[in-house]
Amino acid sequence: MVRSTREHRHRGIALSRGVALGRVCLFVPAPPAAEVGAGGPEVEESRLREALASVSARLELIAGDADETVGPGEAAILRVQGMVLRDESLWETFAAAIRAGGATAERAVTDAFRLFREGLSLTASEASVGRAGDINELEGSLLTALGRAAPTIRCRDAMRCAVGQCELRNPHILVISELTPALVMEVDDLTLGLLTARVGPTSHAAILARAMGLPAVSLGDEGLLERVPFGADLLIDGDRGEVIVSPDPETLAAYAERLRSGPRKMRVAQPVEELQVLANIGRAAELGVALAAHAEGVGLYRTELEPLSLGRLLDEEEQYHRYSAVVEAMAGRAVYIRLLDLGGDKSADFLGLPHEENPVLGLRGARLLLARPEMLREQVRALARASRAGTIHVIAPMIIDVAQFLELREIFEDEAGRFEGRSLLFGPMLEVPSACVQARQLLAAADFASVGTNDLTQYLFAMDRSNAAVARADIHHHPALWSVIEDLAAAARETGRGLCVCGELAGDATLTRRLIRAGIRQVSVAPRGIAEVRMAARSSPGR
Ligand code: PEP
Ligand code: MG
């Protein structure tokens, strides 16, 4: 490991517990390429392949919508555009320009499309004018996708690895200003910890880091992040929110034991009587950890995270296999699967959403599901089929009121109703203040409800959960939030419906007894946090 001379310490926000030591690995979003980058033709080819895949997936999605809205003619045009992009001869033209002509991905696109247009102008028919318009559109979409093309990471010696593919096989700390859930999911075992600047403790990226047992700290200050030197060793302490650049031998000795015990160890505690503790998962692959932690079920499966990391939606079969795996692994224990909660801070190019000034208040969650009924129906089919092996509680995200819940429920029942032998329950996630105000009516119209304290806190206090600059360590103790939680627990008792708290607050063991006192009997937390919550539940009821 490279050692530099002087230790610096910085105080930040603890995002995910544990300590880690590794070399700095700096994430740098790729600039729009004017010339072939240091990664050479392979990188240009892979950028272009990614852009092609993302644009054609988006076309397919819009075509699905067009079928219902503007009719099959328009949809067919979009599908033809998708076929043009998947055509092997187009790829060969691109690849030849990159490999033999030394072109960037962008230049390969503009050259190929210029040739296309020239060919068309030889036949000056009306149809060819229409096709030229399509071609311009395709070219524009590809160039836009390339502009947002996969960023890369850098360390002292390697210039163009991708996240999760460290060429030097160095254990490292990934230093990354804007950490997204998709990037967290891409890291491999060589990434020992994460240092970021912008995200807050209840951001989805932080939630995932905790689920993966990956220590993480946010400095909340972009400037500090820029000053973290290449090639330095970095020690991050995710328990105290501390970052130590170039730790000196005394510091390393003081941390030796915690570093040795490893950041990813998991404690196990058996179930307790007063509180059912289930697991939050983001991928069916996390089931193993949930089982190892003796989770009493899966209390929240965030089904949008995998599409976000893959850059595309999963089709019905793919979803069916994942949901079935969860039901089977839980073998009769409770299973709660949330409908796609996309949009807002979980937006992606493949959704083809219009630009929004305030995406967190925009087309997201239930609103997006209602705007994309085909996407919703496909997921409902997969859920209905998987539920033949065991009951699935289906959670509707970001519900704002009873009317919206019922509108969604109608589509849900209509699609699910086609499947004999299904066993589905349907309930809202209570995470928008207006829905909490209507909790009694909502619970009466539902089979159960979940409480999403992350968004509830965000909207209750007008405090962006993804912005470290406005994060407040004590916000989960705020009396306004507890008065909502206590009222929701009372509403659940009165209506005889189950209520599960599954935001990050539920994983804070210092609040476990308070939740029990508030009348909460079921929580869902990151699998690695289950033991601590159970131990806290077992501790003296006076706490
Ligand atoms: C929440 O908002 O508390 C929640 C459980 O959902 P997510 O964190 O995925 O928004
Ligand atoms: Mg939420």
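1. Asp-111 and Arg-107 both belong to helix H4 (residues 105–121), where a spacing of 4 residues separates them by about one helical turn. In this predicted model, their side chains form a salt bridge with an N to O distance of 3.5 Å; the term denotes a side-chain nitrogen of Lys or Arg within 4 Å of a carboxyl oxygen of Asp or Glu. Helices (H or I, at least four residues) and strands (E, at least two) are DSSP runs, numbered from the N terminus. Asp-111 is partly exposed at 25% relative accessible area, and Arg-107 is likewise partly exposed at 40%. The classes are buried for under 20% relative accessible area, exposed for over 50%, and partly exposed in between (1.4 Å probe, protein chains only).

2. The conventions behind these values are as follows. Residues are numbered from 1 along each chain as its sequence is written, while chains are lettered from A and ligands numbered from 1 in the order in which they are written. Local features need pLDDT of at least 70 and side-chain atom pairs count only at pLDDT 80 or more, whereas totals for chains, interfaces and linings use all residues; side-chain values use heavy atoms, with hydrogens and water left out.

3. Helix H1 (residues 40–69) contains another such pair, Arg-47 and Glu-44, set 3 residues apart, about one turn of the helix. Their salt bridge has an N to O distance of 2.9 Å. What is the burial state of these two side chains' residues? Arg-47 counts as buried at 6% relative accessibility, and Glu-44 is also buried, at 3%.

4. A further salt bridge joins Arg-210 and Glu-504 at 2.7 Å, N to O. This pair connects distant parts of the chain: Arg-210 lies in helix H7 (residues 204–211), and Glu-504 in the loop between strand S16 (498–501) and helix H20 (512–517), 294 residues apart. Glu-504 is buried, with a relative accessible area of 14%. H7 itself is largely enclosed by the rest of the structure, because 7 of its 8 residues are buried; among them are His-204, Ile-207 and Leu-208. Gly-213 follows H7 and has a positive phi, near 70 degrees.

5. The salt-bridge count comes to 38. Glu-316, Glu-317, Arg-377, Arg-381, Arg-385, Asp-414, Glu-415 and Arg-418 are linked in a network of these interactions. Side chains of opposite charge can pair when their charged atoms come close.

6. The magnesium ion (ligand 2) has Glu-431 (OE) and Asp-455 (OD) as its protein donors, at 2.0 to 2.1 Å. Here Glu-431 occupies the loop between strand S14 (424–430) and helix H16 (433–437), while Asp-455 is in helix H18 (residues 453–460), so the pair, 24 residues apart, links distant parts of the chain. Donors are N, O and S atoms within 2.8 Å of the metal (3.2 Å for Na, K and Ca); water is not among the atoms, so sites may look incomplete. Glu-431 counts as buried at 2% relative accessibility, and Asp-455 is buried at 3%.

7. Arg-210 reappears at the second largest pocket, which encloses about 1500 Å³. The lining comprises 47 residues, with Leu-15, Ser-16, Arg-17, Arg-210 and Gly-507 nearest the centre. Strand S2 (13–16), H18 and helix H21 (530–538) each supply at least two lining residues, and S2 gives the most, with 4 residues. By class, the lining divides into 16 nonpolar, 18 polar and 13 charged residues; Ala, Val, Leu, Ile, Met, Phe, Trp, Tyr, Cys and Pro count as nonpolar, Asp, Glu, Lys and Arg as charged, and the others, Gly among them, as polar. On a 1 Å grid over the protein atoms alone, a pocket is an open set of points with protein on both sides within 12 Å along at least five of seven lines, a cavity is a set where a 1.4 Å probe fits but cannot get out, and lining residues have an atom within 4 Å of a point. Points are joined across faces, edges and corners, and a volume is the space filled by probe spheres set on them.

8. The structure holds 4 cavities of 30 Å³ or more, and the largest contains about 90 Å³ of space. Of its 13 lining residues, Pro-307, Leu-314, Gln-319, Tyr-323 and Leu-340 are the closest to the centre. Helix H11 (305–310), helix H12 (316–330) and helix H14 (373–386) each supply at least two residues of the lining of the largest cavity. That lining consists of 7 nonpolar, 3 polar and 3 charged residues.

9. Overall, the protein chain has 21 helices and 17 strands, and 52% of its 543 residues are buried. Of the contacts (heavy atoms within 4.5 Å) with a separation of 6 or more, 69% join residues 24 or more positions apart.
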